[in-house]
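Biologist: Please take a close look at the charged pairs in this chain and set them in the context of the whole model. I would like a connected account rather than a list.

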Amino acid sequence: MGWGNAVPSGTRGDVASSSPSGRSLDEIFKPAVGLEHVPYLRMAVFGRAKVGKTHFALSAATTGPVWIIDTEGAVNINIMSVPPELRSRIHVADILCFSDKKNRKVDLVASLDALRDAIDKLTDYIKDNPGEIGTIVVDSATDMWDWMTIWLEEEGATSFSASGKMLRTEWGKANKKYAELMYMLLSSGWNIILTFRAREAVNSKGESLGFDNARWQKNTDYWIDLICEYRKDGLDRTLRIVGGRFGDNISPLTNPNWNDLLDHLEKQTGVTFAFRR
């Protein structure tokens, strides 16, 4: 799938055909008192390697089907630890593409196309099955942006300086494509779990600041309802809520699964989730 002329489902073509200008005021605005439950949870979880981000995401199978887009080609190992009755609810898309299978050379631009195609097909499926509610996982969503920068450098950029250096204005193309993927995911009406890698925060001297930052595109946190950091200390794993729309005083969880997090949010914030009712 090319990046130049594809129009994802739920964007301009669909919006134009629905004639929004013909709706009444009551159709556009809904009374806040009628919004009893949150329809889905859209979250990001970041952390260092092998702390349990993927295992946590797979536990969402307790509330419905999980469709996971695997950018690392390794989720099958984690799935072996999932009970068989839940494993049957999990669907995996291994979207890594190889330009040279013999030497295992990965084509990351083609893999980015495959990632977009997987999201496109999945959102079409959701649109055709309105009574179903599940969870979309992108593991790792850090690759969405990393691959986007490679696409820009290898194919997308068209404006360069006299010395051959890509102009900074070209980054708008990558930001736009990234936003398209995010809106395709967020408008699906399903739960979204995006895992991100983390890196140590340092000052201008390269000294550690004692915490980690998520590796993502700069606007990612604006799109997410709940931002969590996952850390491992010995045999225990801690999920710490570090941002989002649920408030600032939510206590951390130790060794949680998906249902533990939902219970915790409902108890500490008063929010209720429609897909659990």
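Modeller: In this predicted model, the side chains of Glu180 and Arg116 form a salt bridge, with N and O 3.0 Å apart. The two residues belong to distant parts of the chain: Glu180 sits in helix H8, residues 171-186, and Arg116 in helix H6, residues 108-128, with their positions 64 residues apart. Glu180 and Arg116 are both buried.

A second pair is made by Asp143 and Arg197, whose closest N and O atoms lie 2.9 Å apart in a salt bridge. Here a helix is linked to a strand, since Asp143 is part of helix H7 (residues 142-156) and Arg197 is part of strand E7 (residues 191-202), 54 residues apart. The two partners fall into separate classes of accessibility. Asp143 has a relative accessible area of 6% and is therefore buried, the limit being under 20%. Arg197, at 24%, counts as partly exposed.

Arg42 and Asp225 supply a further salt bridge, at 2.9 Å from N to O. This pair spans 183 residues, from Arg42 in strand E1 (residues 42-47) to Asp225 in the loop between helix H9 (220-223) and strand E9 (226-233). Both partners are buried by the same limit of under 20%, because the relative accessible area is 18% for Arg42 and 10% for Asp225.

These pairs belong to a wider set, as the chain holds 14 salt bridges. Among the residues involved, Arg48, Asp212, Glu229, Arg231 and Arg240 are joined into one network by salt bridges that share partners. In general, side chains of opposite charge can pair when their charged atoms come close. Over the whole chain there are 34 positive and 36 negative side chains, and the centres of these two sets are 3 Å apart.

The surrounding fold consists of ten helices and eleven strands. The radius of gyration is 20 Å, close to the 19 Å that the globule rule gives for 277 residues, so the chain is as compact as a globular protein of that length. The C-alpha trace extends over about 60 × 60 × 40 Å along its principal axes. Of the contacts with a separation of 6 or more, 61% are between residues 24 or more positions apart. Buried residues account for 41% of the 277 in the chain. The exposed area comes to about 15200 Å², of which carbon and sulfur atoms contribute 51%.

Some backbone details also deserve attention. The peptide bond from Asp139 to Ser140 is cis, with omega near 15°, and Ser140 lies in the loop between strand E6 (135-139) and H7. Helix H7 is also the element that carries Asp143 of the salt bridge with Arg197.

Two residues other than glycine have a positive phi, namely Lys50, near 65°, and Asn255, at about 50°. Lys50 is placed in the loop between E1 and helix H3 (53-58); strand E1 is also where Arg42 is found. With a relative accessibility of 74%, Lys50 is exposed, because the limit for that class is over 50%. Asn255 occupies the loop between strand E11 (253-254) and helix H10 (258-269), and its relative accessible area of 40% makes Asn255 partly exposed.

Methods:
Residues are numbered from 1 along each chain as its sequence is written. This is a predicted model: local features need pLDDT of at least 70, side-chain atom pairs count only at pLDDT 80 or more; totals for chains, interfaces and linings use all residues. Side-chain values use heavy atoms; hydrogens and water are left out. Helices (H or I, at least four residues) and strands (E, at least two) are DSSP runs, numbered from the N terminus. The radius of gyration is taken over C-alpha atoms; the globule rule is 2.2 Å times the number of residues to the power 0.38. Buried means under 20% relative accessible area, exposed over 50%, partly exposed in between (1.4 Å probe, protein chains only). Contact means heavy atoms within 4.5 Å. Accessible areas come from the Shrake-Rupley method with a 1.4 Å probe; for residues, only the protein chains shown count as cover. Lys and Arg count as positive and Asp and Glu as negative; His and the chain ends are not counted. The place of a charge is taken as NZ of Lys, CZ of Arg, CG of Asp or CD of Glu. A salt bridge is a side-chain nitrogen of Lys or Arg within 4 Å of a carboxyl oxygen of Asp or Glu.
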